[in-house]
Amino acid sequence: MPPSISAFQAAYIGIEVLIALVSVPGNVLVIWAVKVNQALRDATFCFIVSLAVADVAVGALVIPLAILINIGPQTYFHTCLMVACPVLILTQSSILALLAIAVDRYLRVKIPLRYKTVVTPRRAAVAIAGCWILSFVVGLTPMFGWNNLNAVERAWAANGSVGEPVIKCEFEKVISMEYMVYFNFFVWVLPPLLLMVLIYLEVFYLIRKQLNKKVSASSGDPQKYYGKELKIAKSLALILFLFALSWLPLHIFNCITLFCPSCHKPTILIYIAIFLTHGNSAMNPIVYAFRIQKFRVTFLKIWNNHFRCQPAPAVDEDPPEERPDD
């Protein structure tokens with residue numbers, strides 16, 4: 001182990017590597033499940049794949065870069081800025097994917113008869129592409145000038161140095177807290193989260209209303225249709241809750257940094273907040289496995305077909321009770 005890495009840093013790196021080792025295979029399994037199971041090809045699961053792609057990138061890209069930043073190498077300012085931006089892109093992609101999922105579930109219960117004509121595969125693909133394009137715009141905004149370069153250059157010049165500043169690469173040294181709080185959090189994180197809460201509340205209200213009225217809104221039994229919609233909505237709302245629980249603490253710390261620079265922030269709490277943000281990428285596959293039967297049986301099928309030493313009985317990838325559009 002290099003002498004420049006402390007025991008605390010070694011523990012941090014170990015936890016980050018563990019998160020990555022859970023996140024990457026788990027989310028690859030989600031993408032694999034959607035690929036092999038035709039029953040997982042509707043718009044909701046396409047948005048879930050987009051979310052899983054972002055989570056794979058967190059484990060494969062963001063966590064290694066976070067470890068690099070924690071070690072604190074000496075780099076040029078813009079090199080460090082490029083290292084810091086991927087997490088902003090992927091966080092925004094996750095938020096927009098969650099929002100797309102919430103809107104999709106709303107449309108399924110609001111207009112069940114017209115849903116398949118409104119939410120077509122082409123429109124879903126356009127929505128996913130739009131989410132990623134917008135995520136890159138929001139996440140790369142610091143590269144376009146909203147960063148701490150001016151302050152770093154003043155300190156660099158004050159020391160009599162010339163050329164592009166060389167700094168110890170740290171997130172807060174290159175990313176402006178004004179950007180993180182006023183633009184990232186107050187515009188692109190908090191409003192979408194609040195909107196999603198309202199959407200899911202409306203989804204639950206509509207489902208409960210239909211279950212109580214027992215009015216037919218599909219070709220099958222309405223009690224069965226809306227009962228399954230309720231179950232899936234609860235699972236996806238849980239994904240949203242875990243995302244908010246994982247990311248809000250770090251954004252609250254950013255607000256404290258901006259509005260109360262002299263306030264003490266315990267280092268251990270900051271690290272816990274960072275672990276929560278990265279760990280969120282490993283949570284979703286676990287929720288899918290325990291809460292959504294189509295994922296669970298497809299995961300088992302993949303395990304039986306590709307990882308078991310002995311062949312196992314075939315697993316029905318679309319059980320009869322779940323064959324309608326859920």
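Me: Is Phe8 buried, exposed or partly exposed, and what is its relative accessibility?
Reply: In this predicted model, Phe8 counts as partly exposed, because its relative accessibility is 43%, and a residue is called partly exposed when the value falls between 20% and 50%.

Me: Which helix is Phe8 found in?
Reply: Phe8 is found in helix α1, and that helix runs over residues 7–36.

Me: And which residues form the nonpolar patch on the surface?
Reply: The patch is formed by Phe8 together with Ile268, Leu269, Ile272 and Leu276, and these residues have about 430 Å² of accessible area together. Helix α11, which covers residues 267–291, gives the most to this patch, with four residues.

Me: Staying with helix α1, what about Ala10: buried, exposed or partly exposed?
Reply: Ala10 has its place in helix α1 as well, and at 24% relative accessibility it counts as partly exposed. Along the chain, Ala10 and Ile71 are 61 residues apart, while in space their C-alpha atoms are separated by 9.6 Å.

Me: Then Asn27, is that buried or exposed?
Reply: Asn27, which is found in helix α1, is buried, because its relative accessible area is 1% and the cut-off for buried is under 20%.

Me: Which residues does Asn27 touch, leaving out those up to four places away in sequence?
Reply: With those sequence neighbours left out, Asn27 touches Ala52, Asp55, Val56, Ser281 and Pro285. As for Leu51, its C-alpha lies 8.9 Å from that of Asn27, with the two positions 24 residues apart in sequence.

Me: New topic: how many salt bridges does a search of the whole structure find?
Reply: The search finds six salt bridges. Some of them are linked in a network, and its members are Asp42, Asp104, Arg105, Arg108 and Glu229.

Me: What does Arg105 pair with, and how far apart are the closest N and O atoms?
Reply: One salt bridge joins Arg105 to Asp104, with the closest N and O atoms 3.9 Å apart. The side chain of Arg105 also meets that of Glu229 in a salt bridge, at 2.9 Å from N to O. This second pair links distant parts of the chain, since Glu229 sits in helix α10 (residues 222–259) and Arg105 in helix α3 (residues 77–110), 124 residues apart.

Me: Are those residues buried or exposed?
Reply: Glu229 and Arg105 are both buried, and for Arg105 the relative accessibility is 1%. Asp104 is buried too, with a relative accessible area of 2%.

Me: What forms a salt bridge with Lys265?
Reply: Lys265 forms a salt bridge with Glu172, and their closest N and O atoms are 3.9 Å apart. Lys265 lies in the loop between α10 and α11, whereas Glu172 lies in helix α7 (residues 171–174), so the pair ties together parts that are 93 residues apart in sequence. At 19% relative accessibility Lys265 counts as buried, while Glu172, at 41%, counts as partly exposed.

Me: Last thing, which residues does UniProt list for "transmembrane region"?
Reply: The unreviewed UniProt entry lists residues 12–33, 45–69, 75–103, 124–146, 185–207, 232–248 and 268–290 under that name.

Me: How much of 124–146 is helix in the model?
Reply: Residues 124–146 are 70% helix and 0% strand, and the end C-alpha atoms of this span lie 32 Å apart. For residues 185–207, the span is 96% helix and 0% strand, with the end C-alpha atoms 31 Å apart.

How values were computed:
Residues are numbered from 1 along each chain as its sequence is written. This is a predicted model: local features need pLDDT of at least 70, side-chain atom pairs count only at pLDDT 80 or more; totals for chains, interfaces and linings use all residues. Side-chain values use heavy atoms; hydrogens and water are left out. Helices (H or I, at least four residues) and strands (E, at least two) are DSSP runs, numbered from the N terminus. Buried means under 20% relative accessible area, exposed over 50%, partly exposed in between (1.4 Å probe, protein chains only). Contact means heavy atoms within 4.5 Å. UniProt positions are given in the numbering used here, feature names are shortened, and annotations may be inferred rather than shown by experiment. Patches are made of residues with over 30% relative accessible area and no salt bridge: like charges are joined within 9 Å, nonpolar side chains (Val, Leu, Ile, Met, Phe, Trp, Tyr) within 5 Å. Accessible areas come from the Shrake-Rupley method with a 1.4 Å probe; for residues, only the protein chains shown count as cover. A salt bridge is a side-chain nitrogen of Lys or Arg within 4 Å of a carboxyl oxygen of Asp or Glu.
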